[in-house]
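Q: Please take a close look at the open sheet in this model and at the helices that pack in the chain. I would like one connected account.

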Amino acid sequence: MTSNTNNSNYSNGNTNISSLLDRDGGDTNSGNVDFIFNSNQRLSITQQRIALPIYQYRKHLLYLLETNQTVVVVGNTGCGKTTQIPQYLHESGWTDGYRTIAITQPRRVAAISVASRVATEMNEELGHTVGYSVRFDEKVSAEHTRIKYMTDGMLIREMMLDPLLSKYPVVMIDEAHERSLATDVLLGLVKKVQGRRKDLKIIISSATMDAELFKQFFNNNITNDKSKDTAAIISIEGTNYPVDVHYLEQPTLNYLDTTLNTVIDIHNLQPPGDILVFLTGQEEIDKMVSSIQDRVDAQQQQQKGNKMKVNVLPMYSGLSINKQIRVFEKSGDPRKIRKIVVATNIAETSITIDGIVYVVDSGFVKIKSYNPTSGLESLVVVPTSQSSADQRAGRAGRNRAGKCYRLYTQDAFTKLPVHSIPEIQRSNLAPIILQLKALGIDNILHFDFISPAPTISLVRALEVLYGLGALNDNGQLTQPTGHIMAEFPVDPSFSKMIIQSEVLGCSKEVLSIAAMLNVQGIFTNHNHKARREFIVKEGDHLSLLNIYNAYTSKSSNGKTSAGPWCHEHQINHKAMQRVVQVRKQLEAYCHKYSIKVVSCLTNAAIKDATIPIRKSIISGFFTNAAHLQPDGSYMTIRDKHKLFMHPTSVLCSLANSPEWVLFHDVTITTKEYMKDITIIDPKWLYEMAPHFYVYEK
Ligand code: CDP
Ligand code: MG
């Protein structure tokens, strides 16, 4: 595809539109637009609530919940499932007696933004009657919170302390169709709890038509008499505005160019209304945000195109929550400024960004993929599914009729898979199995998953957990190691490396490395020139430690000096603040389990402080060890999987490639790359992971 905007032709269904993005015929200054954009402010919150499609179903929904153990709610996005159902329950007495409704979300940002919306609707401060709880952050009051939004992972964690979920009369599992790993596990767990607690009501909400699957999973009726069903489905007929879907007439060779051109065309040719663009990941999104801004600036300088201003915002999970929620803020008068949000699929469901009229769908998504044979989890970019594409289109048409531009042909759409593959079938299951074990579920192979986890992944996970020392020879959780690992709010590889670092006398340093690896987007530039002074020859982990230590010595001098320091070294200040926060939380867990926080840098008895640190990292990440091959690639030691060193690794600048390395994770672009790499001595593998690597003489 050339960069000439007028070359991209679209069609919508039967009618071919040869001129790109037909003008809507709307007068951009008409009073209509004003009405549309301010309608929310003109209606009182109560009026808005009553106007939602779900309101008509309030009584019926409450009735079904009285008469069934499980209710599956199906309805278009925006019909009011997430924000309204918990309020209906609260208003009708389900939270009396200091009880709380739990509502789970697959994503942190959804849990937080929705809790804040509901608090506003109820005219309450967030964290009082309405609260949220997500990993590393919560706003709840044990005494006052009656409606609690949380990630599905957090509810699983809560079950370790309260296996029967006794404070919740109702658990609502929202966005269940997304089939996140934690959602699938939670579905199995709450079904088990329901077996013990007949009074526990479960609401499953889903935007698409997986309702029958959910209903069958929860229905305990073994007779043919339908009147004895214990689960019911309720469909909310929505009154969303129509979304006109356009396709490319010819496939594009470069979806990024086409995305940019389409956004600029919409901006120049279409009436006011915000734009939501779906791309795959952080780097792509950051580039697109500046390209859009540059193009608009350039055409305005030449006095061409639309004179309206733009407010271009990125949205991906690596951004701090504060930055993510900026997309919900009003940009100003919608006739004068157009908001353009460039997002990953985190904007695909759960959240409502007011004012979106146009959606540009690249047709791609970055997902986790897992190869159980090599044991490697990686991120890959793949075409979306039809149901994802429909979700994306559904982000338009919230306040008025919308348009969706799919950057692929209609024929390509029909060839997309109907649903995305559930995460459980493409994930490393070690973390979740550790949690199931901690919940007393011993026979993992027989756990009632809504769709089965691949046996090979389950077996691999058990093997890794055994290697980590979390399970004993009988497959039971070890005491105390396994139990502590299950409770740490990070993957077992991290908790193991932290536990081991106490023994090796370097937990202070290892905690900092763990925190750095748990925050995305630390560097504003991947070329390490500006950070040369922190780079050490052992590799990325220790370079990260140096950066962390340098940062904290700056920031403890008073907040003012850390900002410019970060800027000078091309480090994202906000990300570093988050690292500090995450580290504090991890340290608090260490105190809880009496893991001493000790430093190897101040211990004169330790000659080479990098050794205990690297050994600790191996104790958690021993599966990720690789050996240099004659062709310059690497091969994982046990599973013989070919990998390459990612160009962002500090080890890439070495004259000679190191022979033995340990990497943190894998990313797949043109090749399979290892990221965050450290040089190791292979002997340490036998020492730190004797169950996994058997020494052969
Ligand atoms: O869960 P579902 O997609 O069915 O809808 P919801 O999230 O409960 O949102 C219902 C309505 O509340 C939306 O259509 C918006 O009009 C409004 N809403 C909003 O204005 N701002 C939010 N942050 C969330 C919802
Ligand atoms: Mg929702």
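A: Two strands are taken to pair if DSSP finds at least two bridges between them. Helices (H or I, at least four residues) and strands (E, at least two) are DSSP runs, numbered from the N terminus. The model is a predicted one, in which local features need pLDDT of at least 70 and side-chain atom pairs count only at pLDDT 80 or more, while totals for chains, interfaces and linings use all residues. Residues are numbered from 1 along each chain as its sequence is written, chains are lettered from A and ligands numbered from 1 in the order in which they are written, and side-chain values use heavy atoms, with hydrogens and water left out.

Within the sheet, I103 stands opposite Y149 in strand 7. Strand 4 (residues 101-105) and strand 7 (residues 147-151) run parallel and are joined by five bridges. Both belong to an open sheet of eight strands with mixed pairing, whose order is 6-5-7-4-8-9-3-10. The edges are occupied by strand 6 (137-139) and strand 10 (231-236); each has a single partner strand, so one side of each is left without a neighbour in the sheet. From one strand to the next, the twist averages 20°.

Helix 5 (residues 108-121) lies across strand 4, strand 5 (130-134), strand 6 and strand 7, and runs at about 170° to strand 5. Axes here are lines fitted to C-alpha atoms, for helices over the stretch in contact, and angles run from 0 to 180 degrees between N-to-C directions.

Two packed helices are described by the angle between their axes and the distance between the axes. Helix 5 also packs with helix 4 (residues 81-91), at an angle of about 50° and with the axes 10 Å apart. Helix 4 and helix 5 are therefore oblique to each other; angles under 35 degrees count as roughly parallel, over 145 as roughly antiparallel, 65 to 115 as roughly perpendicular and the rest as oblique. Their crossing is right-handed, a crossing being left-handed if the near helix is turned anticlockwise from the far one by less than a right angle, and right-handed if clockwise. On the side of helix 4, T82, T83, Q84 and Q87 meet V114, R117, V118 and E121 of helix 5, where contact means heavy atoms within 4.5 Å. By class, this contact of helix 4 with helix 5 holds two nonpolar, four polar and two charged residues. Ala, Val, Leu, Ile, Met, Phe, Trp, Tyr, Cys and Pro count as nonpolar, Asp, Glu, Lys and Arg as charged, and the others, Gly among them, as polar.

A second helix pair is formed by helix 9 (residues 255-269) and helix 10 (residues 282-301), which pack at an angle of about 40° with their axes 10 Å apart. That angle makes helix 9 oblique to helix 10. The crossing of helix 9 and helix 10 is right-handed. Helix 9 contributes residues including Y255, L256, L260 and I264, and helix 10 residues including M288, I292 and V296. The contact of helix 9 with helix 10 comprises eight nonpolar, six polar and two charged residues.

Further along, helix 17 (residues 492-503) packs with helix 18 (residues 507-517) at an angle of about 165°, their axes being 8 Å apart. This makes helix 17 roughly antiparallel to helix 18. The crossing of helix 17 and helix 18 is right-handed. F494, M497, I498, S501 and E502 of helix 17 meet S507, V510, L511, I513, A514 and L517 of helix 18. The residues of this contact of helix 17 with helix 18 comprise eight nonpolar, two polar and one charged.

Two backbone features lie in loops. R179, in the loop between strand 8 (170-173) and helix 7 (181-196), has a positive phi of about 55° although it is not a glycine. The peptide bond from Q479 to P480 is cis, with omega near 0°, and P480 lies in the loop between helix 15 (455-467) and helix 16 (481-487).
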